[in-house]
Amino acid sequence: MASPRLRYGRYSRTGNVYSLTTTTHGREPFFSDAGNVAVLVDALRFVERSGISHSLAWVVMPDHLHWLMELQKGTLAQCMALLKSRSSRQLNRISGRKGPLWQHGYQDYAVRTDESLHDKAMYILGNPVRAGLAGGVGDYPHAWCRWPL
């Protein structure tokens, strides 16, 4: 269960870029299946089409998501609630499963204006390499970046 301390000091500001991480319930590897990944990617795109976020990079790991995004409207809590609820409902409906998909809470990091967004994106895309799931950045099929690799 996520600690309520994750909320201390959390401040959402539209126009800010955030690096977000959220994990599956019980760290279950739901996203080892490419079909489940497609459901989550559809939810990410839905949140963006809703005008809430502007995605810069993301990587779907077997049991968690890393997402670099600019908050366009609303709060981080609203953004993550929409992403989690949409992906949970869709995945539960398609797979016939019941129960929570995501752990409560998420981790966020507000990217400072002097930090390179491209460097942050490359760090996120390097997660599968560091986890031994890919040989190099760009080899992992469940990752996306706004900038060319």
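A residue counts as buried when its relative accessible area is under 20%, and Glu 115 is buried because its value is 16%. Keep that cut-off in mind as you explore this structure, which is a predicted model. At its heart for our tour is an open sheet of 5 strands, with helices packed against it. After the sheet and helices, we will visit the nonpolar cores and the salt bridges.

**The sheet**

- Strands of a sheet pair through backbone hydrogen bonds, either parallel or antiparallel.
- Here the pairing is antiparallel, and the strands follow the order β4-β1-β3-β2-β5.
- The edge strands are β4 (107–110) and β5 (143–145), each of which has a partner on one side only.
- From one strand to the next, the twist averages 20 degrees.
- To see one pairing up close, look at β1 (residues 17–23) and β3 (residues 64–71), which run antiparallel and are joined by 7 bridges.
- Within this part of the sheet, Ser 19 stands opposite Leu 68 in β3.

**The helices on the sheet**

- Helix α1 (residues 34–49) lies across β2 (53–61) and β3, and its direction is at about 165 degrees to β2.
- Helix α2 (residues 76–95) also packs on the sheet, where it touches β1, β2, β3 and β4.
- The direction of α2 makes about 135 degrees with that of β3.

**The nonpolar cores**

- In soluble globular proteins, nonpolar side chains tend to be buried together.
- The largest nonpolar core in this model has 26 residues, and the members that touch the most others are Leu 20, Phe 31, Leu 65, Trp 67, Met 69 and Leu 83.
- Five elements, namely β1, α1, β2, β3 and α2, each give two or more residues to this core.
- Helix α1 supplies the largest share, with 7 residues.
- Leu 20 is a good residue to click on: leaving aside neighbours within four places in sequence, its contacts include Leu 65, Trp 67, Met 69, Leu 76 and Met 80.
- Leu 20 is also in contact with His 66, Tyr 106, Gln 107 and Asp 108.
- Another core, of 13 residues, lies apart from the largest one, and among its members are Ala 57, Val 59, Ala 121 and Leu 125.

**The salt bridges**

- Side chains of opposite charge can pair when their charged atoms come close.
- The whole structure holds 4 salt bridges, including the three described here.
- Arg 27 pairs with Asp 63, and their closest N and O atoms are 2.9 Å apart.
- This pair links distant parts of the chain, 36 residues apart: Arg 27 sits in the loop between β1 and α1, while Asp 63 sits in the loop between β2 and β3.
- Arg 27 counts as partly exposed because its relative accessibility is 42%, whereas Asp 63, at 16%, counts as buried.
- Glu 48 and Arg 146 meet through their side chains in a salt bridge, at 3.4 Å from N to O.
- Since Glu 48 lies in helix α1 and Arg 146 in the segment after β5, the pair ties together parts that are 98 residues apart in sequence.
- Glu 48 is partly exposed at 25% relative accessibility, and Arg 146 is partly exposed at 37%.
- Lys 120 and Glu 115 form a salt bridge too, with 3.1 Å from N to O.
- In this pair, Lys 120 counts as partly exposed at 25% relative accessibility, while Glu 115 is the buried residue from our opening, at 16%.

How values were computed. Residues are numbered from 1 along each chain as its sequence is written. This is a predicted model: local features need pLDDT of at least 70, side-chain atom pairs count only at pLDDT 80 or more; totals for chains, interfaces and linings use all residues. Side-chain values use heavy atoms; hydrogens and water are left out. Two strands pair if DSSP finds at least two bridges between them. Helices (H or I, at least four residues) and strands (E, at least two) are DSSP runs, numbered from the N terminus. Axes are lines fitted to C-alpha atoms, for helices over the stretch in contact, and angles run from 0 to 180 degrees between N-to-C directions. Contact means heavy atoms within 4.5 Å. A nonpolar core is a set of buried Ala, Val, Leu, Ile, Met, Phe, Trp, Tyr and Cys residues joined through side-chain atoms within 4.5 Å. Buried means under 20% relative accessible area, exposed over 50%, partly exposed in between (1.4 Å probe, protein chains only).
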